[in-house]
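Visitor: Hi, I have a structure open and would like to talk it through. Could you take me around it?

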Amino acid sequence: MTTLLTALIIIGALILIIVSIYVVSHKDLLVATIASSIISLILSAFYFVLQAPDVALTEAAIGVALTTIIFVVTIKNTKREEE
Amino acid sequence: MSELTINQILTYTFYGTSLLLIMIGFYGVLTKKNLIKIMLSFSIVDSGVNLLLISIGYINNGTAPIFSPSIMEKIHKGISVQMVDPVPQALVLTAIVIGFGVTAVGLALIVRLYRHHNTTNIDEIKNLKW
Amino acid sequence: MKLKGVIIFILLAYIFFILIGGFLSVQFGKNRMNVAKAYIEKTPKDLQVANVVTAVVVNYRGFDTLGEVTVLFLASTGLASILFRRREIHTELNPRRRSVQASRIVQVAGKALFPLMILLGGYVFIHGHLTPGGGFQGGVIIATGYLFLLIAYRKFAVKHNTITWIESLAGATFAGLGIMGLILGKDFLENFMLTGKLNDLLSGGIIPLIYIAVGFKVAAELTGILDTLLSISVDVNTNSKNNNNE
């Protein structure tokens, strides 16, 4: 791995940790759901760098699209937006 | 020399990130009181475990495990091609889909609980048993 | 209680430091392939399949894929039975849908993008043995295409009868191809058809057939899950209106 790729990986890992702390600690549930889709997006990029294209496709399709939509539908049906 | 240091940095980065994701997710499951926040934290634990499995199966200077025409040309010329371990990728493929299935059933149970008790706080649901 | 939070934090930090101390002895990037070396060497010779991950998922570990398809089926059925409501009479506007109409941009884009997404999903699961992709990825892409239409139009509903038939037939095809291996005197899920050349569309024996069946099944199940979730509503007005209709 070249130096530029290593620097990008470290930046991505830092963003991942900060966003996951944001998901666990924020009070507004809708914002936390959108932030969890950012986690899936960065993880999909990590899987591509680790030379695993099948897993990157699966994580991008399931983690970004489907998990977010079922969380949003549940939040709408329980009539709650805050903790 | 610099290659050894880059390898150590990458070791710390991938293993440390995935273990931190698992620990942050567990903290959310054990401490929070809202049911939907607990399900979000479970989903974070799933993502961390999958990243750990795939980062164990990586080999230095390896390529994706697909015999595309360009790799077949290289093999015919006699250059040896190093491929990444394909077994953890097959296992993680199953794990991602099953994690989604578990999340979906969990959220259906939350909707049903909300219809019955009219709250999503686990403290109040425990109190209503009396 | 703040004390409980602090104790849990200290405990998790302690476990994290122990685990990362243990994981540092697993060196990143070392060549440790034992079983996988045999898989990689056997796949282009015996099976003539280009994607090694597909060969491992469908052929060498095919029983686990059968188990995963069963788990998805159980999740879809369980979700539909937990959120069960008595079927109401349909008026001209489906009374269980959301009450705000989607904007014009979403409607036009949904109509234009839906056939492209079905085409992309079909391409991904038919070429699962040549390029990265396969049954699960293609099925999820097709379900996302249906999700676009479900969000855009209020009167759009997927017939549950069709979904049930497609899912059952695809699952029976998967199990039937496995039992055909038993009938012909070999093992369960053994590759009994002729294999063609490498990087051809008709290569790999029964592997493309199994992945096509899995693609249809996953697409039907996920569309059923999304349709069930988007059709429930706990609004007080809709509840009283539905009770008055019965």
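**A walk through the chains**

Guide: Happy to, and we can start with Leu5(A), which is exposed because it has 12 other C-beta atoms within 10 Å. A residue is called exposed at 12 or fewer other C-beta atoms within 10 Å of its own, buried at 20 or more, and partly exposed in between, with C-beta atoms placed from the backbone. A word on the source: this is a predicted model, in which local features need pLDDT of at least 70 and side-chain atom pairs count only at pLDDT 80 or more, while totals for chains, interfaces and linings use all residues. Residues are numbered from 1 along each chain as its sequence is written, and chains are lettered from A and ligands numbered from 1 in the order in which they are written.

Visitor: Where does Leu5(A) sit?

Guide: Leu5(A) belongs to helix α1 of chain A, residues 3–25. Helices here are DSSP runs (H or I, at least four residues), strands are E runs of at least two, and both are numbered from the N terminus. The C-alpha atom of Leu5(A) is 8.8 Å from that of Val49(A), which is 44 residues apart from it along the chain.

Visitor: Let's switch to chain C. How many helices and strands does it have?

Guide: Chain C has 9 helices and 0 strands. Of its 246 residues, 34% are buried.

Visitor: And which residues have the most contacts inside the largest nonpolar core?

Guide: Those are Val56(C), Val140(C) and Leu226(C), in a core of 97 residues. Such a core is a set of buried Ala, Val, Leu, Ile, Met, Phe, Trp, Tyr and Cys residues joined through C-beta atoms within 7 Å. Helix α8 of chain C (residues 207–229) gives the largest share of this core, 13 residues.

Visitor: What does Val56(C) touch?

Guide: Leaving out residues up to four places away in sequence, Val56(C) touches Pro86(B), Val87(B), Ala90(B), Tyr39(C) and Arg61(C). Contact means C-beta atoms, placed from the backbone, within 7 Å.

Visitor: Chain B shows up there. How many residues does each of chains B and C bring to their contact?

Guide: Chain B brings 39 residues and chain C brings 42. On the chain B side, α4(B) supplies the largest share, 15 residues. That side divides into 27 nonpolar, 9 polar and 3 charged residues. For these classes, Ala, Val, Leu, Ile, Met, Phe, Trp, Tyr, Cys and Pro are nonpolar, Asp, Glu, Lys and Arg are charged, and the others, Gly among them, are polar.

Visitor: Back to chain A. At what angle do α3(A) and α6(C) pack?

Guide: Helix α3 of chain A (residues 53–77) and helix α6 of chain C (residues 135–152) pack at about 30 degrees, with their axes 10 Å apart. The axes are lines fitted to C-alpha atoms over the stretch in contact, and angles run from 0 to 180 degrees between N-to-C directions. Among the residues that meet are Leu57(A) and Ile69(A) from α3(A), and Phe136(C) and Val140(C) from α6(C). By class, this contact has 10 nonpolar, 3 polar and no charged residues.

Visitor: Why does α3 of chain B lie largely in the open?

Guide: Because 0 of the 9 residues of α3(B), residues 69–77, are buried. Gly78(B) follows that helix and has a positive phi, near 105 degrees.

Visitor: Which residue other than glycine has a positive phi near 55 degrees?

Guide: That is Asn61(B), in the loop between α2 (35–56) and α3 of chain B. Asn61(B) counts as exposed because it has 8 C-beta neighbours inside 10 Å. Asn118(B) is not a glycine either, and its phi is positive at about 65 degrees.

Key
Two residues are in contact if their C-beta atoms, placed from the backbone, lie within 7 Å.
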